[in-house]
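Visitor: I would like a close look at a single part of this chain, followed by what surrounds that part. Please keep the account plain.

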Amino acid sequence: MSNAPEPSEPLQPELDQTLRRIKETLGDSPDVTVRTFPAGREPHIRVAVVYMEGLTNQTFVNDFIERTLRLESVRFDPADAEARKRLYDEIVDNALSVGDSDSVADWDGMLRRLLSGEIVIFVDGYPSAIAGNVRGGERRGIAEPKTEVNVRGPKDSFNESLATNVSLIRRRLRSPNLWLETMGIGAVSETEVALMYLKGIAEDALVEEVRSRLNDIRIDAIIESGNVEELIQDRTLTPFPTVYNTERPDVVVGNLLEGRVAVLVDGTPNTLVLPTTISQFFKAAEDYYQRVEFAVFMRFIRYFSFFLLLVLPSVYIAVTTHHQEMIPTTLAINLLAQREGVPFPAFIEALIMEITFEIMREAGTRMPRAIGQAVSIVGAIVLGQAAVEAGIVTAMMVIIVALTGIASFATPGVTLSNSVRLVRFPLMVAAATFGFFGVIIAMILIVAHVTGLRSFGTPYFAPFAPFRLKHHKDALWRSTLKSMPARSRMSDAYENRPSAGGNGGDGREP
């Protein structure tokens, strides 16, 4: 039989019964700390304090208890029917002077507050409790970003504490219009999820749509923001990410100023930014902290690297397999000389090398940090040289794969690079089968698919399709700050926005 109480069940006034039930419900866990005190000078009325060790700040707990239960000069007559109520009110008054605290009268609410790291105070004989915010425990400090590294600009990044992440954003946006909403998601985990936006800049329809999709989530637990991303995105069956995530507070602030919405999940440093367009993945925070000329140059380098990552292996396969006449004579002779001893066609050769490179990349990521980078670099050099000398692949193919791998790291949006790493394999198949005709057809299908995607009602390929000239000030290039007194807002993207409920009640595609 389950010990879980019925929903909205009120607390019982008997202290011993309540404490016993808390221990039974939580499996008599050793991290549940229960401390009892006499009420002032009257030992017949008891007060109990319950909190979860490891989820609370012990210093705050001791201070909270000392200042809240300082009732030495108070005398309560146990025969007085109103004594317990006066005692409860006295503790409430003391608790309110300490900090964030309020009353809780239902069992589910009390357990939720207790398991969130708050302290709960019970008065024997009174059917209500006082909950105080003393959350703390061991947390990772604020460190430099691991995946979005920059040379110039802020060096702080989000961590696993929701309160810390919210504070990092508020330090940069000291505006009363920065609104925050929190909700618990997950029937078992009750993970705290926060919704942040700038009132008056973010479209009300967008905020309502995000709020509605978050409230519609039905799942046992939310472990990381990726779970939320999968459950609220418009389309699941697509290799391209339609929700942008970042660990940099300055990036989130910049997107909030553009009218986007941020979704923060407790327990993860990755914050979701909605809606998302494909141009976001080519923007780095450092673009706005350095000279415009260099920022524009580096942004073109990123787009060019993305194009190389997508089509370079396919172009090589198509040229060497079907269109040798397009290769200059000298280069063609060198390539034929290299391929003379290779037993595999260009497609199989590229497939072997690409899969080998992906294995080395994954191994370098999962191995211990001290040896992972050395193993991946040495492995790439040794395996590439050995493969060429053994006649399994050509030297040109090693160069192609190396360029492709390097280009995959040039895009600031890691999730987009991961998507293209998958997409390039069908492109390679099309190139091996039909040559350049297959590559062109595959590219047309990819562009058609991308232009058909939407992120919370916003065209994913905006501002390129549909074309919006004023948003191009910060798309392919970055204009000067003088020409952009305010960063481009997303409001134009919602002109043809489908209403919530227009497709299955939430605007999402199946």
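Leaving aside its neighbours within four places in sequence, which residues is Val 120 in contact with?

Guide: The model is a predicted one. Val 120 is in contact with Ala 48, Val 49, Val 50, Met 110, Leu 114, Ala 129, Ile 130 and Ala 131, once neighbours within four places in sequence are set aside. The residue belongs to strand β4, which covers residues 119-123. Val 120 counts as buried because its relative accessibility is 0%. Asn 133 comes 13 residues away along the chain, and its C-alpha atom is separated from that of Val 120 by 9.2 Å.

For the setting, the whole chain comes next. It holds 15 helices and 12 strands. Of its 510 residues, 46% count as buried. Among contacts between residues at least 6 apart in sequence, 68% join residues at least 24 apart.

From there, consider the strands β6, β7 and β9. β6 (178-185) and β7 run antiparallel and are joined by 8 bridges. Within this pairing, Met 183 stands opposite Val 193 of β7. The two strands form a hairpin with 5 residues between them, and Gly 186 in the turn has a positive phi of about 110°. Of the 8 residues of β7, 7 are buried, so the strand is largely enclosed by the rest of the structure.

β7 also pairs with β9, again in the antiparallel sense, over 4 bridges. Leu 195 has Val 263 of β9 as its bridge partner, and Val 193 stands opposite Val 265 of β9. Val 193 is thus named in two pairings, with Met 183 facing it from one strand and Val 265 from another.

β9 is mostly covered, with 5 of its 5 residues buried. In a regular strand the side chains alternate between the two faces of the sheet. In β9, Val 261, Val 263 and Val 265 are on one side, Ala 262 and Leu 264 are on the other, and both faces are covered. The next partner is β10 (residues 271-274), which runs antiparallel to β9 and is joined to it by 3 bridges. There, Val 263 stands opposite Leu 272. The hairpin of β9 and β10 has 5 residues between the strands, and Gly 267 takes a positive phi near 100° in it.

Two of these strands also contribute to the nonpolar core. The largest nonpolar core has 39 residues, and those with the most contacts inside it are Ile 169, Phe 240, Leu 256, Leu 264, Leu 416 and Tyr 460. Elements that give two or more residues to this core include β7 (191-198) and β9 (261-265), along with the helices α5, α8, α9, α14 and α15. Leu 264, named among the core residues with the most contacts, is one of the buried residues of β9.

Phe 240 shows some of the packing in detail. Not counting residues up to four places away in sequence, Phe 240 touches Leu 416, Ser 419, Val 423, Ile 446, His 449, Val 450, Leu 453 and Tyr 460. Thr 242 lies in the loop between α7 (225-232) and β8 (244-246). Thr 242 is buried, with a relative accessible area of 1%. With the same sequence neighbours left out, its contacts are Gln 233, Arg 235, Thr 276, Leu 453, Ser 455 and Tyr 460. Leu 453 and Tyr 460 therefore appear in the contacts of Phe 240 and also in those of Thr 242, which is buried at 1%.

A pocket returns the account to β6 and β7. The second largest pocket has a volume of about 1,200 Å³. Its lining has 37 residues, of which Arg 112, Leu 115, Ser 116, Arg 135 and Glu 190 lie nearest the centre. The elements that give two or more residues to this lining are α4 (107-115), α5, β6 and β7. The largest share, 5 residues, comes from α4.

Last is helix α10 (residues 329-339), where Ala 332, Leu 335 and Arg 339 are buried. These residues cover an arc of only 65° around the axis, so they are on the same side of α10. On the other side, Thr 330 and Ile 333 are exposed. What covers the buried residues includes α9, α11 (346-366) and α13 (395-408).

Technical notes. Residues numbered from 1 in each chain as written. Predicted model: local features only at pLDDT ≥ 70, side-chain atom pairs only at ≥ 80, totals over all residues. Heavy atoms only, no water. Buried < 20%, exposed > 50% of the residue type's maximum accessible area, 1.4 Å probe, protein only. Contact = heavy atoms within 4.5 Å. Core = buried A, V, L, I, M, F, W, Y, C linked by side-chain atoms within 4.5 Å. Arc of directions from axis to C-beta. Pairing = 2+ DSSP bridges. 1 Å grid on protein atoms, 1.4 Å probe; cavity = no way out; pocket = protein on both sides within 12 Å on 5 of 7 lines; lining within 4 Å. Points joined across faces, edges and corners; volume = space filled by probe spheres on them.
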